[in-house]
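Reader: Could you take me through this one and tell me how each label was earned? I'd like the rule next to the value every time.

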Amino acid sequence: MNVKTIKVDQLARVEGEGALKVIARDGVVQSAELNIFEPPRFFEAFLRDRMYTEAPDITARICGICPVAYQMSAVHAMENALGVAVDGPLRELRRLIYCGEWIESHTLHIYMLHAPDFLGYAGAIEMARDHADIVRRGLDLKRAGNSIIALLGGREIHPINVRVGGFYRTPRRRELQPLAEELKRARDFALATVRWTAGFDFPDVARDYEFVALRGDGEYPFSQGRIASSRGLDISAAEYDEHFEETHVEHSTALHAHIKARGPYLTGPLARYALNAASLSPLAREAAREAGLGTVCANPFRSIIVRAVEVLYACDEALRIIDNYEEPERSAVDLDARAATGSAATEAPRGMLYHRYQLSADGKIADARIIPPTSQNQPSIEEDLKTFATAWLDLPDDALRHRCEQTIRNHDPCISCATHFLRFEIDRGG
Amino acid sequence: MICVGNPQRGDDAAGRRVAEALGASLGDVEIIEEEGEATRLLARLEGADAAYIVDACVSGASVGDIRRFDISAGQLPPTGFAASTHGFGLAEALELARSLRAMPQRCVVYAIEGGTFDIGAPLSPAVAAAAAIVADRLRAEILGE
């Protein structure tokens, strides 16, 4: 039997630290393991015995790229526990700040991390030398997302203005107007981004994923909706634990999530799009159609286009919200602590993020459970590698490594949420 | 003049302390305080004729050591500047500026070696002393005093 091992010590352009090991025998990939070796971060334990009001600020610290997602899952889970629904302008402002996060996070991934793969550059800095105008466009687009978060969240990273029940302070209408001007420009950039990414060369591959995402009631989902799948799952967040399970695998400090008795599933842009494409704004729908996406996109390499469509949608949606915004009378609704359990799932840029909290009568957190999107997607990423890499085993080592890295980057894994990421090793058995 | 750092994280506040020490006493030079997010730093660099940047670093040198880098002439050392959670920090912002031909004609980084970056920690005495020295040097370098 032929044996050959390739080791790569740094896998660039993903968030965090870890390793990838691919084992092939006689020209067929036998296994692919993401070996996550960053120590677990114990956030669930940090939360115990803290007040329910502290959860959004503590969990925001899990991720510097998607803190809003953590805050939104936390506040919705707490409100679910306390029997309160936040509606009207406060709900709209939550969608608006989530738009900001999608814009800045997706744009960072599209322009800085993912596009260099398709254009043959080692990274964004090298790409910028030849494509300065394009990179500038990406930076301007990202900045529009940051502006939303800074205005509504108080600052761009780890915002401080989100609370259970609403916000500490809500903006005046006139404060949103400069944002609208910036977002109109951003929307043009976003449309150009869809067209730009649609022109890349993509490997002709697809996988039969079970897509899992929130399904909004006629709206593209950020924070509300039922958890649905492309194979018929349709549950509330409260039922998550009945249908999903997390298991420990030896090679990773992040848990792997599965649908019980079914196996891996995929969350994130491809899943959201597959389950909610009809709810995109007309402009985003038209751009997706023009980009040739169809109603379902099962080629993970083309996820860069779907991300671009979601950025376009987020710009459009943010403008709609600003246009219709009416200042709320109060910045938050009243809440009374009680012994209860609450859960919520929201759509982080890279996939569904589930929180569940058990509260004591005095409002302290007795138990917390957080399942980040990358934990959920890891088994699917490994399946992608197993499925696709066999066809690439004849490539030279560097090219093979690059394809494998790209296969991981397709899902924008945030290993710093799931724990952290990456080294690369391939045993070709050859 | 861009002073980078998080005021709540011990010696990471070195750049911010320099801004404080400079106060309004740097002629018509604009003093900007930033937390270090690369795209914001990049936006600050664009259109500037000259930029002086102060940040904390970790290189294994003694706490409070001061180093000066002329970025117009070459890159920052590859590691040492605390990257943001995005993996894009000051070093990346500067190289991106160079790629985008947005690098100011004169671009100088002062790096102050930090010791502790704990949440809520005060500035180490050595770093506080270094911040005062850097402020004096900047005044001399920029205003020729």
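Author: What follows goes from the contact between the chains to the sheets and hairpins inside them. This is a predicted model, where local features need pLDDT of at least 70, side-chain atom pairs count only at pLDDT 80 or more, and totals for chains, interfaces and linings use all residues. Residues are numbered from 1 along each chain as its sequence is written, chains are lettered from A and ligands numbered from 1 in the order in which they are written, and side-chain values use heavy atoms, with hydrogens and water left out.

Reader: What makes residues of chain A and chain B part of the contact?

Author: Contact means heavy atoms within 4.5 Å. By that rule, chain A puts in 20 residues and chain B 16 residues.

Reader: How do you know what area is buried between chain A and chain B?

Author: Buried area is the accessible area (1.4 Å probe) that two parts lose on being put together, summed over both. Here that gives about 1700 Å², with carbon and sulfur atoms giving 59% of it.

Reader: Why are Glu46(B) and Arg136(A) called a salt bridge?

Author: The rule asks for a side-chain nitrogen of Lys or Arg within 4 Å of a carboxyl oxygen of Asp or Glu. Arg136(A) and Glu46(B) meet at 2.5 Å, N to O, so the pair passes. The rule finds one salt bridge across this interface.

Reader: Which helices of chain A supply the side that touches chain B?

Author: Helices here are DSSP runs (H or I, at least four residues), strands are runs of E (at least two), and both are numbered from the N terminus. H4 (88-119), H5 (124-130) and H6 (132-153) of chain A each supply at least two residues. H6(A) gives the most, with seven residues.

Reader: And how does that side split by class?

Author: Eleven residues are nonpolar, two polar and seven charged. Nonpolar covers Ala, Val, Leu, Ile, Met, Phe, Trp, Tyr, Cys and Pro; charged covers Asp, Glu, Lys and Arg; the others, Gly among them, are polar.

Reader: What makes Glu79(A) and Arg94(A) a salt bridge that links distant parts of the chain?

Author: Their side chains meet at 2.6 Å, N to O, so the same cut-off is satisfied. Glu79(A) sits in H3 (residues 67-82) and Arg94(A) in H4 of chain A, 15 residues apart. Over all chains, the count comes to 41 salt bridges.

Reader: Why do E3 and E5 of chain B count as paired?

Author: Two strands pair if DSSP finds at least two bridges between them. E3 (residues 50-57) and E5 (residues 106-113) of chain B are joined by eight bridges and run parallel, so they qualify. Tyr52(B) stands opposite Val108(B) in E5(B).

Reader: Where do those strands sit in their sheet?

Author: The order is E2-E1-E3-E5-E4 in chain B, an open sheet with mixed pairing. E2 (32-34) and E4 (66-70) of chain B are the edge strands, because each pairs on one side only.

Reader: How do you know that E7(A) and E8(A) pair?

Author: E7(A) and E8 (residues 234-235) of chain A share two bridges in the antiparallel sense, so the pair meets the minimum. Ile227(A) stands opposite Ile235(A) in E8(A). In their hairpin, which has four residues between the strands, Gly232(A) takes a positive phi near 95 degrees.

Reader: What about E12 and E13 of chain A?

Author: E12 (residues 351-359) and E13(A) pair over six bridges, antiparallel. Tyr354(A) stands opposite Ile371(A) in E13(A).
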